[in-house]
Amino acid sequence: MDVISKIDVIREQLNTYRKAGKKIGLVPTMGYFHQGHLSLMEIARQKCDVVVTSLFVNPTQFAPGEDFETYPKNLTRDQELAKNQGVDILFVPTEKLLYPEPFFTYVISEKLSKVLCGNKRTNHFRGVTTIVAKLFNIVQPDIAVFGQKDYQQAIIIQKMVEDLNFPIEIIVAPIVREKDGLAMSSRNTYLTKEQRKQAPVIFKALSRAQELFQSGETNAKIIHALINETIKSSSLAKIEYIEIVNAKNLKKDLNIIPGTFVAVAVYYGKTRLIDNLRFE
Ligand code: AMP
């Protein structure tokens, strides 16, 4: 596996692969890998000849006061995990390289970026779409793999690719969970022992909602109340939002049908956890 930090170097190497007719897959990440990240690399490995994983903690998607400074890092471990997963190129650019001063140009997704997580994290998705567009232009992959864990992000990127004509297939991979149901996240390491013990209540709430839907309940208000009540049974949980939305336009759905999504954001102390589920 090559570890590359320069844009011209990765471009040159990928050009050689491209000329040889190789299919290139990209997995954008912020590092501190867990099984969720590795599952995306695995999918890219199966579908492509060359797998590129980018590792960059993107400052423009963090608001002041969020965890940009403290975001967990372990490059040595990440390199080892990526290599074992069959990644060909680990792209680790610096902030200076991706955001040279002065930096004026951002990609903004209207509407979709204003709801759910975008409601409180004002410029978050502007940062996400900008960095992903930059990575797409640098790597020019044939496919890019994102996790359903960040469902809103995946939808916004799919729409950006459609609206801005990026010739890239977007694949959305299932959420990888811990044994007790907690969605894997680099941020889980922030949780105290007691918070970690309580956090699986989020998935428990989503699973109970799925069961209620499958038993015939389609009223979003009733299902919302069940999720709310279940999460509130965890004394340390503070709910930011529980939203039941249309899978494509993220507008609130009053009546649940197969394909409707429920998305939640819950704080444990300062740690913000997100999760979601597609009603089946
Ligand atoms: P991050 O490093 O948190 O920015 O995540 C990089 C990519 O991994 C994103 O596409 C996430 O949606 C995806 N991801 C994060 N956690 C999980 C998980 N538990 N299961 C599957 N994909 C995940």
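This note comments on the overall fold of the chain and on the surroundings of its ligand.

1. The model is predicted. Its secondary structure comprises ten helices and nine strands. With a radius of gyration of 19 Å, close to the 19 Å that the globule rule gives for 280 residues, the chain is as compact as a globular protein of that length. Along the principal axes, the C-alpha atoms fill a box of roughly 55 × 40 × 40 Å.

2. Regarding packing, 52% of the 280 residues count as buried. Among contacts in the chain with a separation of 6 or more, 73% are between residues 24 or more positions apart. The accessible surface comes to about 14000 Å², and carbon and sulfur atoms hold 51% of that area.

3. The ligand is surrounded by 18 residues, of which Met30, His37, Gly147, Asp150 and Val176 come nearest. By class, this shell contains nine nonpolar, seven polar and two charged residues.

4. Several elements contribute to the shell: β2 (24–29), α2 (35–47) and β5 (143–147) each supply at least two residues. The largest share, three residues, comes from α2.

5. Polar backbone atoms of the protein lie opposite both oxygen and nitrogen atoms of the ligand. A ligand oxygen is 2.9 Å from a polar backbone atom of methionine 30. A ligand nitrogen is 2.8 Å from a polar backbone atom of valine 176, and a nitrogen atom of the ligand is 2.9 Å from a polar backbone atom of methionine 184. The ligand taken alone exposes 480 Å², and the protein buries 92% of that area.

Key. Residues are numbered from 1 along each chain as its sequence is written. This is a predicted model: local features need pLDDT of at least 70, side-chain atom pairs count only at pLDDT 80 or more; totals for chains, interfaces and linings use all residues. Side-chain values use heavy atoms; hydrogens and water are left out. A residue is near a molecule or strand if one of its heavy atoms lies within 4 Å of it. A polar contact is a pair of N or O atoms within 3.5 Å; within protein, one must be able to donate a hydrogen and the other to accept it, and residues adjacent in sequence count only if both atoms are side-chain atoms. Accessible areas come from the Shrake-Rupley method with a 1.4 Å probe; for residues, only the protein chains shown count as cover. Helices (H or I, at least four residues) and strands (E, at least two) are DSSP runs, numbered from the N terminus. Ala, Val, Leu, Ile, Met, Phe, Trp, Tyr, Cys and Pro count as nonpolar, Asp, Glu, Lys and Arg as charged, and the others, Gly among them, as polar. The radius of gyration is taken over C-alpha atoms; the globule rule is 2.2 Å times the number of residues to the power 0.38. Buried means under 20% relative accessible area, exposed over 50%, partly exposed in between (1.4 Å probe, protein chains only). Contact means heavy atoms within 4.5 Å.
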